[in-house]
Amino acid sequence: MSAVSKDNKIVNEKIVENATCTFCGCCCDDITLTVDMDKKVVTKAKDACVLGKSWFLNHVIEDKPIARIAGKEVPLDDAIDEAAKILIEAKFPILYGMSDTICEAQRQCVPIMDDCLGTIDTTTSVCHGPSGMAFQGVGEPSMTLGEVKNRADFVMYWGGNPAEAHPRHFARYAVTPEGMFTPNGKDDRTVVICDVRHTKTAGVADIFLQVKPGKDFELLWMLRAACKGVEIPENSKEICGVDKETLEDLFEKMKNCNYGVIFFGMGLTMSRGRHFNSGALMALATDLNEFTHFVAKPARGHGNVTGADNVVSWQTGYPFGVNFSRGHPRFNPGEFTTVDTLTRGEADAALIIASDPVANFPKPAIDHITSDKCKLISIDTKNTPTSEAAHVSIQTSTYGINTGGTVYRMDDVPISLRPAFDSPFPSDLEVLTKLREKVNKLAKKLNRPYATKKYI
Amino acid sequence: MTEQLILIPGRSAKQGVGLNKGKLKDEYKKVTTTLEVSFEDAARMGLETGDHVKISNHIGETNVTVKALREGKIPEGYAFIPYGPPSSCLFDGETCATGMPASKGMTIDIEFIKKGEKKKTTLPPRSAAG
């Protein structure tokens, strides 16, 4: 625990082996942290990428109140009481976020919204929500990243930039690691990048396809047609930006690999076509199973956004955009998703957990959530535009650094966290458990018929 | 003079690092107000890296700093900006019944505001460089 520093001062140092970085969906669980327990800071994060290092090394215990109402410091219980009162009295309360907290905290959120007859949504709706819709339409030819590391000899990234968004994805899982059936690492793999920009990711590609913006669906459909024996059109370059010869060569490589995988990003889900693009890509992976083993997976952004999908699916049957106003869960993207409920001015109370819609949402949604028509409650680990605009703001400790729990990696593999040091701030789990109890009591007082429902 | 480009917001490593340091801090603000355009577009519009421009559409407007990329990094007619409050100013709330706003590929007007400050580059003396 203790050690001698260079200037011969005894420092209270702690080493945390196999800590998990929860910044992105890779959830790398092989990081070695060196912690100065006196100053309560991480001083080294061995093996972390540039994003992981900034995640750990910039974490400080801020000198700020745990809870505020209208900008004034209050005891935590008062803030929880106020939040519960706002949510239970609202006509259309919404809960949004959850992708940067542990599954144990996420599971408290569903009963809160059930008791409030509200709407629960995760950051998935502005991330891979369209892919979630596509899963329901065409299925998900899935795998784990361990399989990819050991077996994949054809790796494709479509509409994503992992070199900047998931920097260790190449080295840990998909491009350079030496696997059981890929002992020579990258030499045993064909790496293909498809994007509208020549990003840093394109630097690792054996084949780079610069697709015309908004023409991903057309390109995917040409490859799907090729699976059914239809020739690639002569004017493919004119249609989607990639010439016929390149596509034929690509298709041959896809057919003849032993294990192919396509990771796809928000270049597909955020552009024209949205869930049709994701669906076309997963259908292509399924079609390729006529020739070889082929899988596809969305490259997820936040540390536990995959966990949020899993928890909400397990508790309601749907992954995001779930409404309880009729006493049972209903799923309808476009109706119950947060951008829509805010843009239409429907939500009159919003509980935002570990996310920042005031910084990231479309302007009409921001205009509503920051207006007097919507009471904003924020539970977050850092000061953000959302926490600054909130009527009730609660600061919590950071998952993976201050608190343990479970997160899901982007391939749906659960990982237990190893926290580095304590925080004076309460955990999300503690705050949400108290809020759930308070909301449940108020719901019972109002004789809400579903307030006695048991959740596991 | 106002010209039109197609905007593609997205993630970048610098934006991720800035986010961890704090969204209310200058580093994050600087990264999320940098608009990357192709060298060809910048030359056509008479823009240089560091110039200040206003970008706008039917939803909103915001002021950003231009960064001209070398050939082939971004297609002509397109611009890239890291996600953040400035890019959100331009997102429409329409989600086409998916929950996902069209966050990539929106048409924006780009208008010159003022020249950027020229950076002074001091090269080391030859002897120091070996």
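**Note on the predicted model of chains A and B**

1. Ala97(B) has 15 C-beta neighbours inside 10 Å and therefore counts as partly exposed, since the class lies between 12 or fewer neighbours for exposed and 20 or more for buried. The model is a predicted one. Ala97(B) sits in the loop that runs between α4 and β6 (106-114) of chain B. Its phi is near 60 degrees, which is positive although the residue is not glycine. Most residues other than glycine have a negative phi.

2. Chain A offers a second case of this kind. Asp47(A), again a residue other than glycine, has a positive phi near 75 degrees. It belongs to the loop between β4 and α1 (50-57) of chain A. Asp47(A) has 16 C-beta neighbours inside 10 Å and so is classed as partly exposed.

3. The segment before that loop is a hairpin. Strands β3 (residues 31-36) and β4 (residues 41-46) of chain A are antiparallel and share five bridges. Thr32(A) has Lys46(A) in β4(A) as its bridge partner. Four residues separate β3(A) from β4(A), and in this turn Lys40(A) has a positive phi of about 55 degrees.

4. Overall dimensions of chain A. The chain holds 18 helices and 20 strands. Its radius of gyration is 23 Å, in agreement with the value near 23 Å for a compact globule of 456 residues. The C-alpha trace spans about 65 × 65 × 35 Å along the principal axes. Of the 456 residues, 57% are buried. Taking contacts between residues at least 6 apart in sequence, 67% link residues at least 24 apart.

5. Nine-stranded sheet of chain A. This open sheet has mixed pairing and the order β6-β5-β18-β17-β16-β7-β8-β14-β15. Its edges are β6 (72-73) and β15 (330-331) of chain A, each of which pairs on one side only. At the β15(A) edge, strand β14 (residues 322-323) of chain A runs antiparallel to β15(A), with two bridges between them. Asn323(A) lies opposite Arg330(A) in β15(A). Helix α3 (residues 103-115) of chain A packs on this sheet and touches β7 (93-97), β8 (119-122) and β16 (349-353) of chain A, at about 150 degrees to the direction of β8(A).

6. β8(A) within that sheet. β7(A) and β8(A) are parallel and are joined by four bridges. Ile94(A) is placed opposite Thr119(A) in β8(A). In a regular strand the side chains alternate between the two faces of the sheet. β8(A) is covered on both faces: Thr119(A) and Asp121(A) are buried on one side, Ile120(A) and Thr122(A) on the other.

7. Five-stranded sheet of chain A. The sheet is open and parallel, in the order β11-β10-β9-β12-β13. β11 (207-210) and β13 (293-298) of chain A are the edge strands; each has a single partner, so one side of each lacks a neighbour in the sheet. From one strand to the next the twist averages 15 degrees. Helix α12 (residues 275-288) of chain A packs here against β9 (154-158), β12 (259-264) and β13 of chain A, and its direction is about 160 degrees from that of β13(A). At the other edge, strand β10 (residues 190-195) of chain A pairs with β11(A) in the parallel sense through four bridges. Asp195(A) faces Gln210(A) of β11(A) across this pair.

8. Helix α8(A) and its surroundings. The helix covers residues 216-227, 12 residues in total, and spans 17 Å from first to last C-alpha, close to the expected 16 Å. Its buried residues are Asp216(A), Phe217(A), Leu219(A), Leu220(A), Met222(A) and Ala226(A). The elements covering them include α9 (236-240), α10 (244-256), α11 (266-269) and α12 of chain A. Gly229(A), just after the helix, has a positive phi of about 90 degrees.

9. Interface between the chains. Contacts involve 40 residues of chain B and 46 residues of chain A. On the chain B side, the elements giving two or more residues are β1 (2-10), α1 (13-21), β5 (78-82) and α4 (85-88). The largest share there, five residues, is that of α1(B). By class, this side of chain B has 19 nonpolar, 15 polar and six charged residues.

Definitions and conventions:
Residues numbered from 1 in each chain as written. Chains lettered and ligands numbered in written order. Predicted model: local features only at pLDDT ≥ 70, side-chain atom pairs only at ≥ 80, totals over all residues. Pairing = 2+ DSSP bridges. Axes fitted to C-alpha atoms, helices over the stretch in contact; angles between N-to-C directions. Contact = placed C-beta atoms within 7 Å. Nonpolar A, V, L, I, M, F, W, Y, C, P; charged D, E, K, R; others polar. Expected span 1.5 Å × (residues − 1). Rg over C-alpha atoms; globule rule 2.2 N^0.38 Å.
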